[in-house]
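Reader: I have a model open here and want to go through the aromatic pairs and the pockets. Can you take me through them?

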Amino acid sequence: MDTVSGSGGGLRTVEEQLADVLTAVRPLATRAVALSEAAGATLRDPAVARGGIPDFDNSAMDGFAVRFEDVATASADSPVELTVVADLPAGSPDDPGLRPGEAIRIMTGAMVPTEADTIVPFEDTAGGLDESLTTARVVAAPARRGVFVRRAHDDIRPGDVVLGAGARLGARQLAALAAADIARVTVSERPRVVVVSTGSELVEPGVPRSRGQIPESNGLLLEALVREAGGVVVRRERVDDGGPGLRRVLDETTSGDARADVVITSGGVSAGAYEVVKTELGGALRFSRVSMQPGKPQAFGVLPAGTLVFGLPGNPVSAAVSFEVFVRPALLALQGRATLERPALRLPAAESWRTPPGRRQYLPAVIDRGDPARWFVRPATPGGSGSHLAGTLALAEAYAVVPAEITTVEPGDLVDVLLLGG
Ligand code: AMP
Ligand code: MG
């Protein structure tokens, strides 16, 4: 890798800007909900098992519950024949007695009777299922006492913390809590978010355009990203660069009981004329230049009622990266999420690309998985970066993060990669 040393020319670091943001975050209120309402929410109190997993000794196989002594010598040459005295389907409350020379037919998941200690699967009997209600002819001895018994509390004991505060409740997490007989959980409220796209050139996609107009895309981008991060977009607007639109949306959404927790604007924060966020919110937000590419111009502030306001740059790739770096961590912190950062993967570069000196690069990237044992990272856009390349952004599945002092990435250089979920 080629490197340069030296300053970012008075720019703030990503860490400084993110620290400002996270310092301002106050976690949202909590509420108790049924598991069926909790998908995607963040747990705010530890989830404590009410039942064990499993809750009782049960059979791991369809077969026979036996006493180990009775079958310890069984083999194909000298099978042991047991008389079947009862039948236990899964869910049966019965606890039939078992005397020497007897077996109980048992199905997977049924409670192991008190007097049995071992399960012989149908596969280890001569008759299998066919004669299973009369006779069990055992042709292979169990390896030891207790074989194919799933022990109570093997996985989780009652009182164990199944998941700690700050965990996201996805599919596997919800199923684990249900298995531990937890019916209700305390989760975070969802951040209520307003998304405002600024720009007099913007029209809805599909609408006939006049000269100089372009389709508005940041609104959809940011709404979907908010949802992926556990938030709810309560209002999405497009406003002109002149006029009172931005101020009006803010006034309507940042006071009163129904106020939004977060407002995200895009556009209007850089150094040109007609920068509506700068003009209208100049007093309320801090405008910074951050040593990253894309995403150098950033605005952030907290309104008196507590709403966090992010002024993101308008270029689509800049808006996407800025959301990833600053807004997503804030939305997760509002929900009390334990981990705010995506884990970085370190992958060799598949090709060479240039990166700006003095600024950390976040390059939309794809993963070359041709050899599953050896992944590579390459730019999503052939020919490098460009914050206006909204089309090829669709191909990106990751951001390659290249430190500020590096100016060229060479093939084989190891690069930090953030895999973007969802
Ligand atoms: P700005 O940050 O307002 O100077 O905008 C920078 C660039 O991003 C300009 O080319 C804008 O037309 C474009 N842009 C700004 N907002 C959006 C948006 N919501 N959707 C698509 N492009 C946008
Ligand atoms: Mg603009």
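**Aromatic pairs and pockets**

Author: Phe300 and Phe310 are both buried. This is a predicted model.

Reader: How are the rings of Phe300 and Phe310 set against each other?

Author: Their centres are 5.0 Å apart and the planes are at 50°, so the pair of Phe300 and Phe310 is tilted. The cut-off for edge-to-face is over 60 degrees.

Reader: Which strands are they in?

Author: Phe300 is in strand β20 (residues 297–302) and Phe310 in strand β21 (residues 308–312), so the pair ties together parts that are 10 residues apart in sequence.

Reader: How many aromatic pairs in the whole structure?

Author: The search finds 2. One of them is Phe64 with Phe122, which is edge-to-face, at 5.3 Å centre to centre and 85° between the planes.

Reader: And what does that one tie together?

Author: Phe64 belongs to strand β5 (residues 63–66), while Phe122 is in the loop between β8 (118–121) and β9 (135–138), so the pair joins parts that are 58 residues apart in sequence.

Reader: Is Phe122 buried or exposed, given that loop?

Author: Phe122 counts as buried, at 12% relative accessibility. Phe64 is buried too, with a relative accessible area of 1%.

Reader: What sits over the ring of Trp375?

Author: The charged end of Arg369, 4.6 Å from the ring centre.

Reader: Pockets now. What volume does the largest pocket have?

Author: About 710 Å³. It is lined by 30 residues, and the closest to its centre are Glu228, Arg328, Arg342, Leu420 and Gly421.

Reader: Which helix gives the largest share of that lining?

Author: α7, with 5 residues. At least two residues each come from α3 (171–179), α4 (218–228) and α7 (316–334). By class, the lining of the largest pocket has 16 nonpolar, 6 polar and 8 charged residues.

Reader: And the second largest pocket, what volume?

Author: About 580 Å³. Its lining has 40 residues, with Asn218, Pro313, Gly314, Asn315 and Pro316 the closest to the centre.

Reader: Which elements give two or more residues there?

Author: β13 (192–198), β15 (214–215) and α7. Of these, α7 gives the most to the lining of the second largest pocket, with 3 residues. The classes in that lining are 14 nonpolar, 20 polar and 6 charged.

Reader: Where does it lie relative to the domains?

Author: The second largest pocket lies between domain 1 (2–31 + 190–334) and domain 4 (344–419), because both give residues to its lining.

Conventions: Residues are numbered from 1 along each chain as its sequence is written. Chains are lettered from A and ligands numbered from 1 in the order in which they are written. This is a predicted model: local features need pLDDT of at least 70, side-chain atom pairs count only at pLDDT 80 or more; totals for chains, interfaces and linings use all residues. Side-chain values use heavy atoms; hydrogens and water are left out. On a 1 Å grid over the protein atoms alone, a cavity is a set of points where a 1.4 Å probe fits but cannot get out, and a pocket is an open set with protein on both sides within 12 Å along at least five of seven lines; lining residues have an atom within 4 Å of a point. Grid points are joined across faces, edges and corners, and a volume is the space filled by probe spheres set on the points. Helices (H or I, at least four residues) and strands (E, at least two) are DSSP runs, numbered from the N terminus. Ala, Val, Leu, Ile, Met, Phe, Trp, Tyr, Cys and Pro count as nonpolar, Asp, Glu, Lys and Arg as charged, and the others, Gly among them, as polar. Domain bounds come from an automatic or database domain assignment. Rings of Phe, Tyr and Trp (its six-membered ring) pair if their centres lie within 6.5 Å; planes under 30 degrees apart count as stacked, over 60 as edge-to-face and the rest as tilted. Buried means under 20% relative accessible area, exposed over 50%, partly exposed in between (1.4 Å probe, protein chains only). A charge sits over a ring if NZ of Lys or CZ of Arg is within 6 Å of the ring centre and within 35 degrees of the ring normal.
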